[in-house]
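Thanks, everyone. Let me put the structure up, and then I'll walk through a few helices and cores.

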Amino acid sequence: MSKRILVVDDEPNVRLSYRVTLETEGLAVREADNAARALAQFANEHFDLAILDMRMPEMDGLDLLAEMRKRGLKTPTVIITAYGDIPHAVRAMQLGAIDFLQKPLTPEALRSLVAEILERHVADAETQTKPVLADNFASQLAEAKRLLNLQVFEGAWTHLARALELNSQSPDALNLAGVYFEMQEDYDRARKLYGKAIKYGPYYEPAQQNMRRIFELFHFGSSKEPLAFGED
């Protein structure tokens, strides 16, 4: 059965572009031009992924996502915005957004993003028997990253702590630990962990990006830098 995608955007041309791009990949695409119609569709159908525009009349993408979570809808969700600064990225992640991207979004980027999300989040839900996770650094870090995306904070920290036990100087693990605390608004601890990641990896760009974002948020009130979970 084809995976079902709901595209919510008040611009008809954008919805059409996303529909054509995704339907060529064999995906079933539904559309809504505002949050109220999106919620009505959620009440009647199951969706494997929602793609929400940030700026919409009456209820924006973040408010729609908050209402989805309030109603118990755990659908993986991507927020897309045409605006340069991203001051709401942390809130989006706290609400369970999988990613937070800027327009214009090319067809290639959209296809790649959707394929990665469906593979990461939907395949697990369809698997009846979960394999035993290997007790090595790469496996523990990957599982921590997956659970952090899903907002399963306790489970994410269990695997992240184990990854740090196995490699306490890993820039990727230290950066992800910073993301973990930033998503819970512990910015001081997050900043210190980003600093440690940079100490052990001076050229590690995800930690540099996260450090820039925190600096800009606290000094200018907004930032163009989204949360960087690290290298896959």
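Start with Thr21. Setting aside residues up to four places away in sequence, Thr21 touches Pro107, Leu110 and Arg111. Keep in mind that this is a predicted model. Thr21 sits in helix α1, residues 12–23. Buried or exposed? Thr21 is buried, because its relative accessibility is 6% and the cut-off for buried is under 20%. Its side chain also has a partner within the chain: the side chain of Thr21 reaches the backbone oxygen of Ser17 at 2.9 Å.

Next, Leu64. This residue is in helix α3, residues 61–70. The relative accessible area of Leu64 is 0%, so Leu64 counts as buried. What does Leu64 touch, leaving out residues up to four places away in sequence? The list is Val8, Ala35, Ala38, Leu39, Leu52, Met56 and Met59. Take Ala38 from that list. Leu64 and Ala38 are 26 residues apart in sequence, and their C-alpha atoms are 8.6 Å apart in space.

Now over to Arg146, in helix α6, residues 137–149. Arg146 has a relative accessible area of 14%, and therefore is buried too. What joins its side chain to that of Glu143? A polar contact of 2.8 Å.

On to the cores. The largest nonpolar core has 26 residues. Which of them touch the most other members? Leu148, Leu160, Leu176, Val179 and Phe229 do. Five helices, α6, α7 (153–166), α8, α9 and α10, each supply at least two residues of this core. The top contributor is α8, which gives eight residues.

Look at Leu148 up close. Not counting neighbours within four places in sequence, Leu148 is in contact with Phe153, Ala156, Leu176, Val179, Tyr180, Met183 and Phe229. Apart from this core lies another one, of 21 residues. Its members include Phe47, Leu52, Leu95 and Phe100. You have met Leu52 already, as one of the contacts of Leu64.

Back to α8 itself. How many of its 13 residues are buried? The count is 13 of 13. What about its length? The 13 residues of α8 should span 18 Å at 1.5 Å a residue, and the end C-alpha atoms are 18 Å apart, so the two agree. Just after α8 comes Glu185, with a positive phi of about 65 degrees.

Last stop, α10. This helix runs over residues 205–220, 16 residues in total. From first C-alpha to last, α10 reaches 21 Å, close to the 22 Å expected at 1.5 Å a residue. Its buried residues are Pro206, Ala207, Gln209, Asn210, Arg213 and Ile214. Why do we say they line one face? Seen down the axis of α10, the buried residues fall within an arc of 160 degrees, so they line one face of the helix. Which helices does that buried set pack against? They are α8 (171–183) and α9 (187–200). Turn to the face of α10 pointing away from the buried side, and you find the exposed residues His219 and Phe220. After α10 comes Gly221, whose phi is positive, near 90 degrees.

To recap α8: 13 of its 13 residues are buried, it gives eight residues to the largest nonpolar core, and the buried residues of α10 pack against it. That's my tour. Over to you for questions.

Methods
Residues are numbered from 1 along each chain as its sequence is written. This is a predicted model: local features need pLDDT of at least 70, side-chain atom pairs count only at pLDDT 80 or more; totals for chains, interfaces and linings use all residues. Side-chain values use heavy atoms; hydrogens and water are left out. Helices (H or I, at least four residues) and strands (E, at least two) are DSSP runs, numbered from the N terminus. The expected span of a helix is 1.5 Å times one less than its number of residues. Buried means under 20% relative accessible area, exposed over 50%, partly exposed in between (1.4 Å probe, protein chains only). The arc is that of the directions from the helix axis to the C-beta atoms. Contact means heavy atoms within 4.5 Å. A polar contact is a pair of N or O atoms within 3.5 Å; within protein, one must be able to donate a hydrogen and the other to accept it, and residues adjacent in sequence count only if both atoms are side-chain atoms. A nonpolar core is a set of buried Ala, Val, Leu, Ile, Met, Phe, Trp, Tyr and Cys residues joined through side-chain atoms within 4.5 Å.
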